[in-house]
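Before reading on, take a moment to look over the sequence and the model together. The paragraphs below go from single cysteines to the whole chain and then to one proline.

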Amino acid sequence: MKRIILTGGGTAGHVTPNIALIPRLKELGYDIQYIGSYEGIEKELIEPFGIPYHGISSGKLRRYFSVQNFTDPFRVLKGLGEARKLIRTLKPDVIFSKGGFVSVPVVIAGKQNKVPVIIHESDMTPGLANKLAIPSATKVCCNFPETLEHLPKEKAVLTGSPIRQELLSGNPQAARNLCGFTGDKPVILVIGGSLGAVAVNNAVRSALPELLQDYQIVHLCGKGKTDSTLIGTAGYVQFEYIKDELRDIFALADIVISRAGANAICELLALRKPNILIPLSANASRGDQILNARSFERQGFSIVLEEESVTKDTLLDAVHTLYQNRDKYIDTMNRSGQQDSIEKIIRLAEEITQK
């Protein structure tokens with residue numbers, strides 16, 4: 001039996017691709033272990049899968065001044081020692097890292113113990129944690145063709161992002177019943193992210209009277225972001241968050257309006273959903289969502305609207321253009337090389353362990 005260590009944490013985006021790999025790894029008979037921080041979000045997300053979880057000390061390397069910058073290096077060093085000990089005990093055949101600062105000591109300890117390591121970078125350009133980890137990696141997987149330019153040529157592999165396979169098996173009629181929709185109008189799914197995207201929510205709601213003439217809308221607007229004045233509006237339903245029914249709603253949706261987080265847009269690609277991306281502005285992030293969105297636009301998968309310039313009129317124009325040309329977008333996504341990422345990554349793991 002081959003043993004694999006999965007690692008990654010700090011945000012859900014550093015965990016869900018690992019979760020997507022778990023069913024296939026189990027099918028192939030792998031013994032799966034997970035290394036994360038003591039009490040990070042990764043522990044909560046991994047527990048339901050019944051996989052042995054090992055916590056290590058974790059710190060964060062910040063680009064800005066913080067008192068914690070003086071103490072976190074010691075936490076990282078402690079985590080490195082704990083990761084070394086775990087790897088020597090578990091004796092894995094391969095390590096797969098999805099990133100986040102907790103993964104850096106694991107990747108370094110993997111190399112020190114001569115265990116092959118695969119890293120996955122979701123965004124267009126590597127984040128700080130992966131920049132630190134890449135020298136210790138055997139292979140580096142990525143989502144975007146442009147990312148290959150930022151990676152060591154001998155290590156870089158374009159795989160796309162592992163997607164939870166249950167998202168591909170939704171029931172559109174179940175979603176229609178949940179939302180109370182009819183079958184005579186197409187459906188738009190709006191995804192504002194778990195915290196809600198005020199700019200996206202406001203733009204959609206400002207255009208609601210016009211949109212509802214031609215479409216029905218499912219709006220995932222984020223915790224505390226529902227609008228009580230719109231409850232009961234025919235053809236419009238809003239949720240703070242959807243979990244189990246999301247695959248059904250995806251199956252029902254004809255087009256999607258979304259933020260441009262790497263995992264989210266890779267799900268849209270895997271589901272072949274024509275989409276409008278409204279990336280988080282550079283003022284509120286390191287600009288990775290803008291780069292992600294522009295890559296998808298260049299590849300013909302998406303229409304992009306900048307958050308600062310999105311208005312009712314620009315949104316309406318984009319929706320109508322996208323819907324009228326949806327078959328072209330679907331065809332382009334069908335021809336993408338960023339598919340079957342789970343099989344590509346597992347095949348890579350098999351190859352490097354055999355070597």
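Does Cys266 count as buried or exposed? In this predicted model, Cys266 has a relative accessibility of 6%, and because buried means under 20% relative accessible area, Cys266 counts as buried. Its sulfur lies 10 Å from the closest cysteine sulfur, which belongs to Cys142, and that is too far for a bond, since a disulfide requires a pair of cysteine sulfur atoms within 2.5 Å.

A second cysteine can be read in a similar way. Cys221 is buried, with a relative accessible area of 0%, and the closest cysteine sulfur to its own is that of Cys179, at 13 Å, which is again too far for a bond. For the structure as a whole, the number of disulfides found by this rule is zero.

From these residues we can step back to the chain. Its fold contains 14 helices and 13 strands. The radius of gyration is 21 Å, and the globule rule gives 20 Å for 355 residues; because these two values are close, the chain is as compact as a globular protein of that length. If a box is drawn along the principal axes, the C-alpha atoms fill roughly 65 × 45 × 35 Å.

How much of the chain is buried? Of the 355 residues, 53% are buried, while the accessible surface comes to about 15,900 Å², with carbon and sulfur atoms contributing 53% of that area. The chain also carries 42 positive and 38 negative side chains, and the centres of these two sets are 8 Å apart. When contacts between residues at least 6 apart in sequence are considered, 63% of them join residues at least 24 apart.

Pro162 lets us look at contacts around a single residue. This proline sits in the loop that runs between strand 7 (156-158) and helix 6 (172-179), and although it is part of a loop, Pro162 is buried, with a relative accessible area of 4%. Which residues does Pro162 contact, once its neighbours within four places in sequence are left aside? They are Pro17, Ala20 and Leu21, then His120, and finally Ser341, Ile342 and Ile345. Val115, by comparison, is 47 residues from Pro162 in sequence, and the C-alpha atoms of Val115 and Pro162 are 22 Å apart in space.

Technical notes
Residues are numbered from 1 along each chain as its sequence is written. This is a predicted model: local features need pLDDT of at least 70, side-chain atom pairs count only at pLDDT 80 or more; totals for chains, interfaces and linings use all residues. Side-chain values use heavy atoms; hydrogens and water are left out. Helices (H or I, at least four residues) and strands (E, at least two) are DSSP runs, numbered from the N terminus. The radius of gyration is taken over C-alpha atoms; the globule rule is 2.2 Å times the number of residues to the power 0.38. Buried means under 20% relative accessible area, exposed over 50%, partly exposed in between (1.4 Å probe, protein chains only). Contact means heavy atoms within 4.5 Å. Accessible areas come from the Shrake-Rupley method with a 1.4 Å probe; for residues, only the protein chains shown count as cover. Lys and Arg count as positive and Asp and Glu as negative; His and the chain ends are not counted. The place of a charge is taken as NZ of Lys, CZ of Arg, CG of Asp or CD of Glu.
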